[in-house]
Amino acid sequence: MNQATWDSVDQFISDSLVQADPILESALQASAEAGLPPINVAPNQGKLLHMFAMMCGAKRILEIGTLGGYSSIWLARALPAAGKLITLEYEPRHAEVAKANLAKAGLSEKVEVRVGAALASLAQLANEEIEPFDLIFIDADKPNNPHYLAWALKFAHVGTVIIGDNVVRNGAVTNPNDPDPAIQGTRQLFADLASNPKLTATALQTVGSKGYDGFAIAIVQQI
């Protein structure tokens with residue numbers, strides 16, 4: 001098995017089960033034209049996020065890491081009419097692209113893009129005594145994964161779903177001696193998920209157009 005096979009299968013899945021969508025395709029094109037890194041979730045992964053939000057009946061979603069807003073569109077479309085998504089983005093240029101993509105998708109009223117370092121934005125949310133979220137998607141800088149999980153728990157209620165992306169990292173997550181801060185941050189995320197009695201969690205490996213990676217998913221059982 002190789003990348004060409006994974007690409008082919010991902011394309012087959014998307015062609016079969018993910019309907020063509022000019023808005024989402026336009027968001028990807030706008031991100032590419034603006035020079036954003038091509039690290040958005042794949043279409044079938046975006047639909048999976050959409051379905052996770054539907055399955056847990058999410059009315060409020062927090063996304064840590066916006067990029068060009070592609071995953072934000074998928075998540076926000078799963079919300080009810082009065083639903084709300086807050087997404088955090090470090091790079092102002094990325095945030096501007098995301099805002100334009102969200103506006104084109106008709107989601108500007110439903111999605112709030114906050115710009116700045118995510119840890120600072122999370123602290124600000126705490127100061128605002130924001131309502132808990134039903135789903136929290138962590139997809140930002142990996143060294144800070146443990147901190148993002150800790151904040152996610154502060155914004156959760158019993159039943160909140162927490163999803164962490166890119167947790168396998170081409171298999172490097174298994175190496176305790178890898179000096180890469182992204183690997184160490186991800187390994188600590190696993191340790192924190194495992195040791196926290198308030199959570200039940202698992203992780204899945206994925207292969208596809210985004211290579212060999214995976215995601216972690218946890219449900220909050222206690223506050």
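The following exercises, each with a worked solution, concern a predicted model of a protein.

**Exercise 1. Aromatic pairs**

Determine how many aromatic pairs the structure holds, and classify the pair of phenylalanine 52 and phenylalanine 215 by its geometry.

Solution.
- Step 1. The count for the structure is three aromatic pairs.
- Step 2. For phenylalanine 52 and phenylalanine 215, the ring centres are 6.2 Å apart and the planes meet at 70°.
- Step 3. Planes over 60 degrees apart count as edge-to-face. The pair of phenylalanine 52 and phenylalanine 215, at 70°, is therefore edge-to-face.
- Step 4. Phenylalanine 52 belongs to helix α3 (residues 43-55), while phenylalanine 215 belongs to strand β7 (residues 211-220), so the pair ties together parts that are 163 residues apart in sequence.
- Step 5. Both phenylalanine 52 and phenylalanine 215 are buried.

**Exercise 2. A cluster of rings and the charges over them**

Classify the pair of tryptophan 151 and phenylalanine 155, and state which charged ends sit over the rings of phenylalanine 133 and tryptophan 151.

Solution.
- Step 1. In the pair of tryptophan 151 and phenylalanine 155, the centres are 5.8 Å apart and the angle between the planes is 15°.
- Step 2. Planes under 30 degrees apart count as stacked, and the pair of tryptophan 151 and phenylalanine 155 is stacked.
- Step 3. Buried means under 20% relative accessible area. Tryptophan 151 has a value of 19%, so it is buried. Phenylalanine 155 has a value of 4% and is therefore buried.
- Step 4. One aromatic cluster is formed by Phe133, Trp151 and Phe155.
- Step 5. Over the ring of phenylalanine 133 sits the charged end of arginine 60, 4.7 Å from the ring centre. Over the ring of tryptophan 151 sits the charged end of lysine 154, 5.8 Å from the ring centre.

**Exercise 3. The largest cavity**

Describe the largest cavity by its volume, its lining and the classes of its lining residues.

Solution.
- Step 1. A search of the whole structure for cavities of 30 Å³ or more finds one.
- Step 2. The largest cavity holds about 40 Å³ of space.
- Step 3. Its lining includes Ile138, Leu149, Gly164, Leu189 and Ala216.
- Step 4. Two or more lining residues come from each of β5 (161-165), α8 (181-195) and β7.
- Step 5. Sorted by class, the lining of the largest cavity has nine nonpolar residues, one polar residue and no charged residues.

**Exercise 4. The largest pocket**

Describe the largest pocket in the manner used for the cavity, giving its volume, the elements that supply its lining and the classes of the lining residues.

Solution.
- Step 1. The volume of the largest pocket is about 500 Å³.
- Step 2. The pocket is lined by 27 residues, and the closest to its centre are Gly65, Glu89, Asp139, Ala140 and Asp141.
- Step 3. At least two residues of the lining are supplied by each of α4 (70-76), β2 (84-89) and α6 (118-127).
- Step 4. The lining of the largest pocket comprises 12 nonpolar, nine polar and six charged residues.

**Exercise 5. Positive phi values**

Compare the settings of leucine 67 and glutamate 129, and decide for each whether the residue is buried or exposed.

Solution.
- Step 1. Most residues other than glycine have a negative phi.
- Step 2. Leucine 67 has a positive phi, near 55°, and glutamate 129 has a positive phi, near 50°.
- Step 3. Leucine 67 lies in the loop between β1 (60-64) and α4. Glutamate 129 lies in the loop between α6 and β4 (135-138).
- Step 4. Leucine 67 has a relative accessibility of 14%, so it counts as buried. Glutamate 129 has a relative accessibility of 70%, so it counts as exposed.

**Exercise 6. Contacts of two buried residues**

Locate threonine 186 and valine 168, and list residues that each one touches beyond its sequence neighbours.

Solution.
- Step 1. Threonine 186 lies in helix α8, and valine 168 lies in the loop between β5 and α8.
- Step 2. Threonine 186 is buried, at 0% relative accessible area. Valine 168 is buried, at 8%.
- Step 3. Leaving out residues up to four places away in sequence, threonine 186 touches Lys142, Asn145, Asn166, Val167, Arg169 and Val173.
- Step 4. With neighbours within four places in sequence left aside, the contacts of valine 168 are Val173, Leu204, Gln205, Tyr212, Asp213 and Gly214.
- Step 5. Valine 168 and alanine 203 are 35 residues apart in sequence, and their C-alpha atoms are 8.9 Å apart in space.

Notes. Residues numbered from 1 in each chain as written. Predicted model: local features only at pLDDT ≥ 70, side-chain atom pairs only at ≥ 80, totals over all residues. Heavy atoms only, no water. Phe/Tyr/Trp six-rings, centres within 6.5 Å; stacked < 30°, edge-to-face > 60°. Helix = DSSP H or I, 4+ residues; strand = E, 2+ residues; numbered from the N terminus. Buried < 20%, exposed > 50% of the residue type's maximum accessible area, 1.4 Å probe, protein only. Lys NZ or Arg CZ within 6 Å of the ring centre and 35° of its normal. 1 Å grid on protein atoms, 1.4 Å probe; cavity = no way out; pocket = protein on both sides within 12 Å on 5 of 7 lines; lining within 4 Å. Points joined across faces, edges and corners; volume = space filled by probe spheres on them. Nonpolar A, V, L, I, M, F, W, Y, C, P; charged D, E, K, R; others polar. Contact = heavy atoms within 4.5 Å.
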